[in-house]
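Colleague: I would like to learn how to read a structure feature by feature. Could we go through one together, with the general idea before each case?

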Amino acid sequence: MPEKLFRHVGKSPTRSEAIEKVSGRANYVFDLEFPGMLYAKVLHSPYAHAEILSVDLSEAKALTGVKAILTGEDLPYLLGLYMLDKGILARGKVRYIGEPVVAVAAIDLRTAEKAISLIKVDYKVLPAVLTIDEALKGEILVHKDINDLEYVKNVFFPQPDSNIASWNKAIKGDIKQGFAEADVIIENELSLPAVAHVPLETHVAIAKADPFTKRVEIWTSSQSPFGVRQMLAKALGISQGDVRVVVPHIGGGFGGKAGIHLEPLVVVLSRAARGKPVKIIATREEEFSQLPSRAAMRGRVKTGVKYDGKITASEITFDWDSGAYADYGVNVGRAAQYSGAGAYEIPNLEINSRTLYTNKVYSTAYRGFGHLETHWVIERQMDLIAQALKMDPYEFRMKNILREGSVTISGEIINQYSGRPDQCLAAVAKEIGWTGYRSKEEREVSFKTGKVRGKGIACLQKAPAMPSNTATSALLQFDADGNVRVMIGAIDMGQGAMTVMEQIAAEVLDMPLEKVRVSSETDTDKNPYDWSTVASKYTFMGGKAVTRGAMDMLSQMKEVASQILRCPVDELTHGQEKIFIRQNPHKAVSYQDIAMGYLYDNGNSIGGPIIGRGVYIAEGLTFLDPDKGQGLPALDWTFGAHGVELEVDVETGEVQILKISSAFDVGKAINPKLCEGQIIGGVLQGLGSAFMEGFKFSAEGRLLNPSFMDYKIPTSQDIPTIVVPILIENPQADGPFGARGVGEHPMISVPSVIANALYDALGINFYELPLSSEKIALAIARSEAEHKEPLSE
Amino acid sequence: MCENQSQHGPQEHCSTYIDSQQPRVFLSCWVNGEIISAQIDPMITLLNFLRQGLKLLGTKEGCGEGECGACTIIMNGEAVNACLILAVEAQDAEITTVEGLSTGGQLSILQSEFVSQDALQCGFCTPGMLMSARALLDRTLDPTDPEIKEAIAGNLCRCTGYSPIIAAISSTAKKEREERK
């Protein structure tokens, strides 16, 4: 793509909704109230796995102010993104501690809470499935009806009479032969716990059901208004036109608000309360223990390599402890199927990715889903192999990294427009001054000072995980004064979608940015369709749709201008908010004069309101073949790498990140500052997963840390000393202005790079997250005791 | 059910507010420079009084247990978690919320710096973050980075990674120092 000077693209205007947000005027669903609104509360299951024998609602129903009480028996609806396995409330059986069993809507929260306390449920406790191995054994089934569940066929593969919600496989080449060719075979097991998304605004939803028709209106803190509309309509057997979903500002999502969550519950409560609006606000505890998390995972990896560092074969099994319902979990497992070997060319490969039902809080998409987890396995394994080969892990990665002509694990050929992971790795290695692992002697010397330093590197890749027919659309309309309003279906949860779409529309139309405005509230009754704001795909897909919409406006304006200027359309061009004759620029007509139709001096008029329409549907993607996972799942790959230098206090195990550098091949940064914002924020989220976050469960399956007291996320005290974001721009040929997505990527491989640097610092390898100070300090002590000298290898 | 006993009293239905149903008490305080008097539930938190009673919805709630800082306001010069304080404790107090940061339709320097440094993403923590920053800058216009980090250590932000926030507070201090000269 030739270098071109852009007016708005590549610049960093401030985000368009910033003033609303700093003045306290931005409205979130949490802030919305309607006259006569009722408040909902739910009764949670106290057991991980139990039969519901009876529910006694008599006392609760008698309470003044209670307007509706529902149990699962009242709600024969099944919900699910990919597998219809979940009721609105538990039906017949509870499958995790925290699962909603009964819901109440009352005139205020006090009454709702009182009513909940008066409900009596008799359970017959069943043995529960609480670990990956118990799930695989399959003696107890979380879903006895797994064979009968409706699911998306040929994409997901539930196994009969088992706890395997989906078993996705990738097979490339011949691993038998690959391992036979290897000089060395290295096997490892790595794991990580479930974690929470922690949006600052918990899940909130309000519904208003029309008691006389099927119509329902929903205001929700959701990333997927159109998804909610579709799934709710399907579950309730009504038309999508009967469902209106409105999303104002949302207080963080990170994937946890994708799909459908509290919306159906308030809808059925509002229906039961004869149409009164019903609001539910998840408490922080419910956000942790009732609403979905990121799945725990165990990865077993076996890699064959030649002495020269060339990988010959890889066999990887990912087992996802995905909780009681499939939700996004099965698609997380599927992401591992086509991306689970990292940004490397593996000639012979077998991946088995099994999403498992367990009796724990279920899991869903979390920023870059599947990828932080699989890269924890892969990018640690890359270092572990380099150690075994006594090779520099940088050189080892570079020997195997994807390059033009490489074939990915699903059979896609990397080309000149695919982006350059090698450049990302080289950039961060340079930034942190990578020169290879330190020697044992160097470690010993620094150990005596009480603080040891280490450096690490790691690569990453991710493509949007989405159906092959994922689509989006945009509508662009002129106001009479020549300003442009853009309507999109995406949600801006802080990633800057509105700002970026304004930049793109203003660029294509060659207009001042302040004259272009993207509406900030998404309403499925008004806004054009978008699949869901997930997967780091909106800059690409939305950018294409808005570009096409703006070009549609231009061509409509040229049609009108052609009559006014008496000139063929192909002689016309645009600029300075005018359509003009290329050869005769002073022969021009302004956008404003055409915006609503052109008026001649004699009163005649032509044209009419200019409305641009732009759509984009993923192009060329295929289903993956069910047996080998071959096909084209990826709209675009964004590659990246991290390099880190850290310092460990050998007494306390505390770690300070001195510098972390993160490079991404974004193709073209439409708004570099927003890209850097994603990087700085995403890296810290990754550091949360690396050092402190993780669910702890009791032997009965109770979540032990469902509060900010016991579940810490990074604060301002935990930030790295220096973060250096690097934007690499090898354009994506079909991306808008060459752009690729980068919203999720920054947190991927962060735990891996930390553990890699900890090895450099301490000579100790870590295999389980999180890397708490306690774990590090104990490992140092153990290493000293074992070797009677510090930091031996 | 809560009773609506004065023009500033809580509305009948309130988002996260549960009425204690105890006899009302009289509260008088200053909020964003305006004097407020109201008959209130003695158990209502200051957060719920501000949000439900006064409809100042800028102040958010992220946990209701004083752990996230989304509800931070300034009371008598101190940044406090409004969810942990009873409204009755604010008798005669001077309170500033995010709505009180700007005057005359003009963003304050602090707010403008948050905008220009891109110190926000989803925006839900932003009001509380701004108030912690304001309280710090009211104490000192020459804060060190560690002082800034400490001042906002009780304000959780899941989006920004804090660095742009620290930069915005630091540049505000600089601009306000210059303005004072």
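Colleague: What is the order of strands in the open sheet of four strands that has strand 16 of chain A in it, and what kind of pairing does that sheet have?

Modeller: Before the case, please note that this is a predicted model, in which local features need pLDDT of at least 70 and side-chain atom pairs count only at pLDDT 80 or more, while totals for chains, interfaces and linings use all residues. Residues are numbered from 1 along each chain as its sequence is written, chains are lettered from A and ligands numbered from 1 in the order in which they are written, and side-chain values use heavy atoms, with hydrogens and water left out. As a general idea, strands of a sheet pair through backbone hydrogen bonds, either parallel or antiparallel. Helices (H or I, at least four residues) and strands (E, at least two) are DSSP runs, numbered from the N terminus, and two strands pair if DSSP finds at least two bridges between them. Here the order is 16-27-28-29 in chain A, and the pairing is mixed. Strand 16 (451-462) and strand 29 (722-728) of chain A stand at the edges with a single partner strand each, so one side of each is left without a neighbour in the sheet. On average, neighbouring strands of this sheet are turned by 10 degrees against each other, direction ignored, where axes are lines fitted to C-alpha atoms, for helices over the stretch in contact, and angles run from 0 to 180 degrees between N-to-C directions.

Colleague: In which sense do strand 28 and strand 29 of chain A pair, and over how many bridges?

Modeller: Strand 28 (residues 655-665) of chain A pairs with strand 29 of chain A in the parallel sense, over seven bridges. Phe664(A) stands opposite Leu727(A), which belongs to strand 29 of chain A.

Colleague: What is the strand order of the open sheet that contains strand 26 of chain A, and which strands stand at its edges?

Modeller: That open sheet of four strands has the order 19-18-17-26 in chain A, with mixed pairing. Strand 19 (516-518) and strand 26 (611-617) of chain A are at the edges, each with a single partner strand, so one side of each has no neighbour in the sheet. Its neighbouring strands are turned by 20 degrees against each other on average, direction ignored. Strand 17 (residues 471-478) and strand 26 of chain A run antiparallel and are joined by seven bridges, and Ala471(A) has Ile617(A) in strand 26 of chain A as its bridge partner. Helix 14 (residues 497-509) of chain A packs on the sheet, touching strand 17, strand 18 (484-488) and strand 19 of chain A, where contact means heavy atoms within 4.5 Å. Helix 15 (residues 538-565) of chain A lies across strand 17, strand 18 and strand 26 of chain A, and runs at about 145 degrees to strand 26 of chain A.

Colleague: How many residues of chain B are in contact with chain A, and what area is buried between them?

Modeller: The size of an interface is often given as the accessible area lost when the parts come together. In this model 55 residues of chain B are in contact with 57 residues of chain A. The buried area (accessible area, 1.4 Å probe, that two parts lose on being put together, summed over both) is about 4600 Å², of which carbon and sulfur atoms give 60%.

Colleague: How many salt bridges does the rule find across the interface of chain B and chain A?

Modeller: Side chains of opposite charge can pair when their charged atoms come close. The rule asks for a side-chain nitrogen of Lys or Arg within 4 Å of a carboxyl oxygen of Asp or Glu, and it finds five salt bridges across this interface. In one salt bridge, the side chains of Asp31(A) and Lys60(B) meet at 2.6 Å, N to O. Helix 2 (109-116) of chain B is among the helices that each supply at least two residues of the side of chain B that touches chain A, and helix 2 of chain B gives the most, with four residues.

Colleague: Where is Asp327(A), and what is its phi?

Modeller: Most residues other than glycine have a negative phi, and most peptide bonds are trans. Asp327(A) has a positive phi of about 40 degrees although it is not a glycine, and its place is in the loop between strand 14 and helix 9 (329-339) of chain A. The peptide bond from Leu769(A) to Pro770(A) is cis, with omega near -5 degrees.
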